[in-house]
Amino acid sequence: MASVAAPPPSVALAVAFLLVGGLATAAGCFSAIFSFGDSITDTGNAVRLGRVGGPSGISPYGRTFFGRPTGRFSDGRVILDFIAQGLGLPLVRPYLEGGDFRRGVNFAVAGATALDLDFFRAKGIDASWTHKSLRVQIEEFKQLLPSLSSDPKELLNTSLILLGEIGGNDYNHPFFHGNSADDIRTFIPSVIDSISSTISDLVELGAKTLLVPGNFPLGCVPAYLDVFESNDAEKYDSETGCIRWLNEFSEHHNRLLLEELERLRKLHPHVTLIYADYYGATISFFHAPKLFGFEAPLHACCGSNGRYNVSRSVQCGHKDAKVCSDPSAFISWDGIHLTEAAYGTIAQSLLEGPHAKPSLLRACSGTPQNEVYDF
């Protein structure tokens with residue numbers, strides 16, 4: 001993989017413009033947003049399921065923008081929120097909240113996997129996380145869809161689908177349960193197949209514009225840095241401090257996803273399939289943190305006194321957890337999830353480029369604009 005160059009100052013200025021609410025919106029571009037995924041996208045489903053919601057329903061989650069916990073796994077808005085605001089749409093309501101979903105609905109649930117729990121149980125993994133896998137979320141959407149419009153296909157024709165991020169937990173759960181990287185690597189083709197079949201289902205229902213994110217650089221995530229800490233300097237990238245082999249794992253997932261998206265584009269030339277390069281957008285932070293205003297790139301804002309401000313015994317939301325005074329100076333919020341500042345920056349790069357091809361604002365034209373993403 002080619003090295004990632006530091007973004008020009010104009011990118012950082014654009015990011016600041018977004019975070020203070022100055023982004024020009026594309027009102028009327030899409031009629032609705034329908035979203036699926038895990039805690040990166042969850043806006044309040046898991047917290048309504050009780051235990052799987054973890055700490056997202058308690059302080060200090062949500063304090064930056066909302067002033068209270070909302071079930072989002074961040075100090076404020078997540079990528080989905082910024083996309084909705086950038087497209088002139090209301091924030092996307094979580095499915096389990098109920099209400100009027102004609103302008104969009106979010107099925108994402110923290111802990112969700114692309115694969116069903118039976119896949120992991122068959123491999124001897126104690127799958128005790130949420131059953132709301134990608135398949136379950138899509139089935140819930142299919143059941144809801146007829147109530148949203150007298151012409152569901154036309155509604156989907158004019159809507160944006162955010163399919164993920166999904167797949168990260170298919171790796172997170174087994175990694176943190178002690179499974180080997182070689183074993184987990186064999187899961188990747190099955191994860192990609194699940195995402196691919198979901199795309200095909202949505203296209204058959206009438207979807208015309210789908211944003212499909214890749215995986216984040218796992219080797220830069222504080223929780224991974226803590227669990228897989230090593231005295232071997234060769235395992236770390238000397239420039240970023242991230243763990244090389246974990247980032248290579250993420251790159252492999254993303255490479256297979258890109259190949260599958262290209263295959264699907266040929267099958268559905270009338271559909272715009274946009275790859276959202278979460279990896280590229282995020283790794284840029286670690287190559288030039290100060291350019292983006294980040295002072296502690298490998299540390300969590302909310303957590304413990306551990307080396308990376310994370311600990312499995314004292315997590316964000318715990319009574320003994322410590323919280324930084326300025327979340328915008330951090331990439332990571334709680335050791336797994338990102339801060340509002342980081343999410344806003346990523347969203348900017350999807351709305352206007354360069355980490356989505358075509359960018360979401362270009363895709364608003366309604367004409368299929370499939371472009372090959374150079375990884």
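**Entry 1: helix 6**

I began with helix 6, residues 168-176, and found this helix mostly covered, with eight of its nine residues buried. I should say right away that I am looking at a predicted model.

I wrote down the buried residues of helix 6: Gly-168, Asn-169, Asp-170, Tyr-171, Asn-172, His-173, Pro-174 and Phe-175. What covers them? I looked around and noted that the cover includes helix 3 (117-121), helix 7 (181-185), helix 8 (188-205), helix 9 (222-227) and helix 10. I also looked just past the end of the helix: Gly-178 follows helix 6, and its phi is positive, near 95 degrees.

**Entry 2: the aromatic rings**

Two residues of the helix 6 stretch led me on to the rings. Which residues share an aromatic cluster with Tyr-171 and Phe-175? I found Phe-176, Tyr-224, Phe-228, Trp-245 and Phe-249 in that one cluster with them.

I then checked the whole structure and noted 24 aromatic pairs. One of them is Phe-119 with Phe-120, an edge-to-face pair at 5.3 Å centre to centre, with 80 degrees between the planes. Are these two buried or exposed? Phe-120 is buried, at a relative accessible area of 0%, whereas Phe-119 counts as partly exposed at 21% relative accessibility. The cut-off helps here: buried means under 20%.

I looked up another pair, Phe-285 and Phe-292. Their ring centres are 5.1 Å apart and their planes stand at 70 degrees, so this pair is edge-to-face. Phe-285 is buried at 1% relative accessible area, and Phe-292 counts as buried too, at 12% relative accessibility.

One more ring caught my eye, this time with a charge over it. The charged end of Arg-77 sits over the ring of Phe-65, 3.9 Å from the ring centre.

**Entry 3: the sheet**

Next I turned to the strands. I found an open sheet of six strands in the order 2-1-3-4-5-10, and the pairing is mixed. Why is one side of strand 2 and of strand 10 left without a neighbour in the sheet? Strand 2 (104-106) and strand 10 (356-357) stand at the edges and have a single partner strand each, so one side of each stays free of a neighbour there.

A reminder to myself: strands of a sheet pair through backbone hydrogen bonds, and they do so either parallel or antiparallel. I followed one pairing inside the sheet. Strand 3 (residues 160-163) and strand 4 (residues 209-213) run parallel, and three bridges join them. Leu-162 has Leu-211 in strand 4 as its bridge partner.

I also asked which helix lies across strand 4 and strand 5. It is helix 10 (residues 244-267), which runs at about 170 degrees to strand 5 (272-276).

**Entry 4: the disulfides**

I finished with the cysteines. A disulfide is a covalent bond between the sulfur atoms of two cysteines. I counted four disulfides. With the bonded cysteines numbered in sequence order, the pairing reads 1-8, 2-3, 4-7, 5-6.

I looked at Cys-29 and Cys-364, which are joined with an S to S distance of 1.8 Å. The torsion about their S-S bond is about -110 degrees, so this disulfide is left-handed. The pair links distant parts of the chain, 335 residues apart: Cys-29 is in the loop between helix 1 (9-19) and strand 1 (33-36), and Cys-364 is in the segment after helix 13 (360-363). Cys-29 is buried, with a relative accessible area of 18%.

Then came Cys-301 and Cys-324, joined at 2.0 Å from S to S. Their S-S torsion is about -85 degrees, so I noted this disulfide as left-handed. Cys-301 is in the loop between strand 6 (296-300) and strand 7 (302-303), and Cys-324 is in the loop between strand 8 (322-323) and strand 9 (330-332), so the link ties together parts 23 residues apart in sequence. Both Cys-301 and Cys-324 are buried.

My last look went to Cys-302 and Cys-316, a disulfide with S to S 2.0 Å. Is their link left-handed or right-handed? With 90 degrees about the S-S bond, it is right-handed. Cys-302 lies in strand 7 and Cys-316 in the loop between strand 7 and strand 8, 14 residues apart. Both Cys-302 and Cys-316 are buried.

How values were computed
Residues are numbered from 1 along each chain as its sequence is written. This is a predicted model: local features need pLDDT of at least 70, side-chain atom pairs count only at pLDDT 80 or more; totals for chains, interfaces and linings use all residues. Side-chain values use heavy atoms; hydrogens and water are left out. Two strands pair if DSSP finds at least two bridges between them. Helices (H or I, at least four residues) and strands (E, at least two) are DSSP runs, numbered from the N terminus. Contact means heavy atoms within 4.5 Å. Axes are lines fitted to C-alpha atoms, for helices over the stretch in contact, and angles run from 0 to 180 degrees between N-to-C directions. Rings of Phe, Tyr and Trp (its six-membered ring) pair if their centres lie within 6.5 Å; planes under 30 degrees apart count as stacked, over 60 as edge-to-face and the rest as tilted. Buried means under 20% relative accessible area, exposed over 50%, partly exposed in between (1.4 Å probe, protein chains only). A charge sits over a ring if NZ of Lys or CZ of Arg is within 6 Å of the ring centre and within 35 degrees of the ring normal. A disulfide is a pair of cysteine sulfur atoms within 2.5 Å.
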